Amino acid sequence: MTGLSLLRDQDDFPVEPTADVVERFFDLHATNAGLVDAQLVLRKAGGEFAARLGAVPADLLGRDFTDLFHGESRSDLRGQCVRLLAHGEGGFAHSAEIVDDRGPRSVEVVVMAVRSGLMVTVKSAGPADGSKRILSNIDARILEAIALGQSTVRITTRLYLSRQGVDYHVGTMLRKLKAANRAALVSRAYTLGILDPGSWPPRVQPDFVKQA
C-alpha cells in the first residue's frame with residue numbers, strides 16, 4: 001500500500017496532496033496531520049495531530065519531527081524519512097512510541113512525500129481484541145516467572161523446559177514487545193497491560209494469551 005492510499009484513509013485528508021492543497025488543508029482544518037520540511041523540521045501541525053502526541057501545535061512547531069518519538073525505532077524512522085525525501089514519492093507506515101502524561105504509548109506513524117516535504121499523521125497502535133493475543137501459554141508462564149525474579153535454571157525446572165527452550169521463548173517475546181533485555185521486557189509488559197499491575201505473584205492478563 002502506498003503512502004497516499006494510507007493517508008487517504010485518515011479523516012479529512014486531502015485527495016491530492018500538492019503543495020497548495022497542503023497549505024489550504026492546514027488553514028482550514030484542525031486535523032490529524034503535520035507538515036515536515038526537507039530538514040525534518042515540523043512546520044505545520046493540525047490540532048488533532050498535536051493532541052495525539054500529547055501536546056498543542058505551538059509546542060511542536062520548529063522541532064525535529066523524529067525527536068517527538070522515543071525508543072530504539074526513532075533512528076529507523078529518521079532513516080526512512082531521509083530516504084523518502086530523496087526519492088520524492090510514495091510513503092510508509094512505522095510503529096513508534098511516544099511518552100506523555102499517560103506514560104509510554106505505541107503509535108503508528110504514516111508518512112507520505114508531498115511537494116513541500118513530508119505529510120505525517122499519527123494514530124493509535126492499540127491492537128484489536130483479536131490481535132491482542134500475542135503470547136502462547138508457555139510464553140505467559142515464562143513472563144510471569146521472569147517478573148517474579150526467577151532465574152533461567154528455576155524456570156527450566158518449573159516448566160520442564162530446556163535452557164535453550166526458555167531462551168527461545170524469551171527471545172521471541174523480546175522481539176514482539178521491542179524490549180532490549182529481560183528487565184525491559186517486564187517493564188514493557190506492565191506498560192502495555194500484559195501483566196496485571198494489581199496482581200502478585202505476577203499474572204499475565206488472559207486477553208493477551210492465544211487460545212489453545
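Is D167 buried, exposed or partly exposed? At 37% relative accessibility, D167 counts as partly exposed, because the partly exposed class runs between the cut-offs of 20% and 50%. Keep in mind as you look around that this is a predicted model.

D167 is a good place to start, since this residue has a charged partner: D167 forms a salt bridge with R182. The closest N and O atoms of the two are 3.5 Å apart. This pair links distant parts of the chain, with D167 in helix α8 (residues 163–177) and R182 in helix α9 (residues 182–191), 15 residues apart. R182 is partly exposed too, with a relative accessible area of 25%.

Now turn to helix α3 (residues 47–52), where you will find both E48 and R52. They sit four residues apart, about one turn of the helix, and they form a salt bridge whose closest N and O atoms are 2.8 Å apart. E48 has 33% relative accessibility and counts as partly exposed; R52, at 28%, also counts as partly exposed.

One more pair is worth a visit. R203 forms a salt bridge with D196, and here the closest N and O atoms are 3.2 Å apart. R203 is partly exposed, with a relative accessible area of 33%. D196, on the other hand, has 16% relative accessibility and so falls under the 20% cut-off for a buried residue.

These pairs are among the seven salt bridges that the structure holds, so you can look for others while you have the model open.

Conventions: Residues are numbered from 1 along each chain as its sequence is written. This is a predicted model: local features need pLDDT of at least 70, side-chain atom pairs count only at pLDDT 80 or more; totals for chains, interfaces and linings use all residues. Side-chain values use heavy atoms; hydrogens and water are left out. A salt bridge is a side-chain nitrogen of Lys or Arg within 4 Å of a carboxyl oxygen of Asp or Glu. Helices (H or I, at least four residues) and strands (E, at least two) are DSSP runs, numbered from the N terminus. Buried means under 20% relative accessible area, exposed over 50%, partly exposed in between (1.4 Å probe, protein chains only).
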